[in-house]
Amino acid sequence: MPCPALPEGFDFTDPDVYRTRVPLPEFAQLRKTAPVWWNAQPHGIAGFGDDGYWVVTRHEDVKEVSTKPDIFSANLNTSIIRFNASMTRDQIDVQKLIMLNMDPPEHTRVRQIVQRGFTPRAIRALEDALRHRATRILEEARRKGSGDFVTDIACELPLQAIAELIGIPQDDRARIFDWSNKMVAYDDPELAITEEVGTNAAMELISYAMNLAAARKECPAEDIVSRLVAAEDEGNLGSDEFGFFVLLLAVAGNETTRNAITHGMHAFLTHPDQWELYKRERPGTAAEEIVRWATPVVSFQRTATQDTELGGAKIKQGQRVGLFYSSANNDPEVFDRPEVFDITRDPNPHLGFGGGGPHFCLGKSLAVLEINLIFNAIADAVPGISLAGDPRRLRSAWLNGVKELQVQYG
């Protein structure tokens with residue numbers, strides 16, 4: 001198999017790459033020439049004390065790894081593919097308490113408890129409140145006339161959905177936003193967020209959630225917190241487990257959905273035919289295409305528990321394996337003209353919510369609901385929305401994030 005023609009030292013987790021773009025051309029090269037490719041790194045640069053990882057680029061291979069947790073572990077090195085070189089092993093191991101970084105059977109136990117809050121009935125119960133909040137968000141934006149789409153619109157509904165779902169007072173949503181931003185922004189020097197600040201933010205969020213759980217144990221209410229921590233006879237989360245669950249929600253339910261909404265708006269405004277189609281027909285397939293197009297999480301990782309083979313590559317026990325969802329979601333073997341933003345795409349077997357298996361996104365239904373509600377509200381309230389500047393991207397090793405998108409609302 002020929003070697004891909006990549007620049008010397010190219011790294012698919014280099015945060016400087018994602019500050020300007022997602023490396024789709026380089027992914028395309030790998031899919032053709034080396035679909036499972038060893039990406040060498042300077043020793044320890046990612047915080048793991050090793051010399052690199054395998055880049056998995058094809059849709060079918062990402063799915064295979066995702067559905068074999070016995071061979072490809074989320075727990076051994078966590079799911080985050082790159083930390084900083086100063087990251088200690090103890091700091092990495094603490095993150096194994098997050099459901100994202102668990103393997104079965106522990107992951108199965110925690111997920112069975114947590115999914116009580118994500119039943120179709122629970123999501124339907126949120127719909128009217130979130131529709132009302134989406135309308136209010138757009139009314140306020142319209143009054144401003146112009147502004148940053150990220151802070152005015154994209155971040156607001158996901159934050160309010162989390163607050164509504166868990167029972168966090170709406171007045172505290174800004175604190176959740178601030179904490180979650182600090183946890184994921186340590187790679188972006190413009191935000192002046194150090195790893196210490198990010199760690200402190202995570203601890204503050206966990207402490208807040210643990211206190212909330214303790215209060216609900218003492219005095220249960222009609223909310224998900226009480227169902228998760230106070231139902232002793234049905235199995236429950238400990239206060240610490242609930243704290244780490246809320247931390248996961250703050251990133252998985254906030255950062256990802258807000259970036260999907262932001263990328264979706266930018267896609268609509270740079271593909272005006274699709275915006276006109278959306279305003280006219282509101283196709284039910286739009287949210288899934290927005291997630292495919294955005295792929296807010298570029299990659300997660302697994303670690304091989306044994307020697308194995310994938311896509312013709314021989315992977316050794318203990319080696320890290322990067323699942324590059326951005327590449328899988330642009331695989332022409334699966335998607336007709338993947339470079340085209342098409343809100344009527346159907347079927348759309350994208351991996352924006354994961355590649356299946358035990359870690360498939362628990363909050364998919366809620367995310368799709370939020371995307372549908374906010375774009376319906378945008379189309380109703382500010383159908384003439386237009387760009388007022390280029391998106392300013394987040395410098396991150398694994399998130400396809402946008403920090404700012406200036407728009408005119410009318």
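Start at helix α13 and select Pro272 and Arg280: both are exposed, on the other side of α13 from its buried residues. Exposed means over 50% relative accessible area, buried under 20%, and partly exposed in between, with a 1.4 Å probe and protein chains only. Helices (H or I, at least four residues) and strands (E, at least two) are DSSP runs, numbered from the N terminus.

The model is predicted: local features need pLDDT of at least 70, side-chain atom pairs count only at pLDDT 80 or more, and totals for chains, interfaces and linings use all residues. Residues are numbered from 1 along each chain as its sequence is written, and side-chain values use heavy atoms, with hydrogens and water left out.

**Stop 1: the buried side of α13**

Now select Gln274, Trp275, Leu277 and Tyr278, the buried residues of α13, which spans residues 272-281. Viewed down the axis of α13, these buried residues fall within an arc of 160°, so they line one face of the helix. The arc is that of the directions from the helix axis to the C-beta atoms. Next, show α12 (239-270), α14 (286-294) and α16 (364-381), which are among the elements covering the buried residues of α13.

**Stop 2: Arg282 and Asp380**

Move just past the end of α13 to Arg282, which takes a positive phi of about 50°. Add Asp380 to the selection: Asp380 and Arg282 form a salt bridge, with the closest N and O atoms 2.9 Å apart. A salt bridge is a side-chain nitrogen of Lys or Arg within 4 Å of a carboxyl oxygen of Asp or Glu. This pair links distant parts of the chain, with Asp380 in helix α16 and Arg282 in the loop between α13 and α14, 98 residues apart. Buried or exposed, what does Asp380 count as? Asp380 counts as exposed, at 55% relative accessibility, whereas Arg282 counts as partly exposed at 25%.

**Stop 3: other salt bridges**

The structure holds 25 salt bridges. Select Asp11 and Arg82, whose closest N and O atoms are 3.0 Å apart in a salt bridge. The two sit in distant parts of the chain, 71 residues apart: Asp11 in the segment before α1 (15-18), and Arg82 in the loop between β3 (72-73) and α4 (89-94). Asp11 counts as buried, at 7% relative accessibility, and Arg82 counts as buried at 11%.

Then go to Glu241 and Arg109, a salt bridge with its closest N and O atoms 2.2 Å apart. Here helix α12, holding Glu241, is linked to helix α5 (residues 106-114), holding Arg109, and the two residues are 132 residues apart. Glu241 is partly exposed, with a relative accessible area of 21%; Arg109 counts as partly exposed at 32%.

To see a network of salt bridges, select Asp16, Arg19 and Arg395, which are linked in one.

**Stop 4: the nonpolar core**

Select Phe12, Phe149, Ile166, Phe242, Phe375, Ile378 and Ile385. Of the 133 residues in the largest nonpolar core, these touch the most other members. A nonpolar core is a set of buried Ala, Val, Leu, Ile, Met, Phe, Trp, Tyr and Cys residues joined through side-chain atoms within 4.5 Å. Which helix gives the largest share of this core? The largest share, 15 residues, comes from α12.

Centre the view on Phe12, which counts as buried at 1% relative accessibility. Leaving aside neighbours within four places in sequence, the residues in contact with Phe12 (heavy atoms within 4.5 Å) include Leu6, Tyr18, Pro23, Leu30, Val55 and Ala397.

**Stop 5: aromatic rings**

A search of the whole structure finds 19 aromatic pairs. Rings of Phe, Tyr and Trp (its six-membered ring) pair if their centres lie within 6.5 Å; planes under 30 degrees apart count as stacked, over 60 as edge-to-face and the rest as tilted. Keep Phe12 and add Phe324: the ring centres are 6.1 Å apart and the planes at 65°, so the pair is edge-to-face. Phe12 is in the segment before α1 and Phe324 in strand β8 (residues 320-324), 312 residues apart. Phe324 counts as buried, at 0% relative accessibility.

Next, select Phe268 and Phe341, an edge-to-face aromatic pair at 5.4 Å centre to centre, with 75° between the planes. Phe268 lies in helix α12 and Phe341 in the loop between α15 (325-328) and α16, so the pair ties together parts that are 73 residues apart in sequence. Both Phe268 and Phe341 are buried.

For the aromatic cluster, select Phe10, Phe12, Phe27, Trp37, Tyr53 and Phe324, which form one.

Finish at Arg292, whose charged end sits over the ring of Phe335, 5.5 Å from its centre. A charge sits over a ring if NZ of Lys or CZ of Arg is within 6 Å of the ring centre and within 35 degrees of the ring normal.
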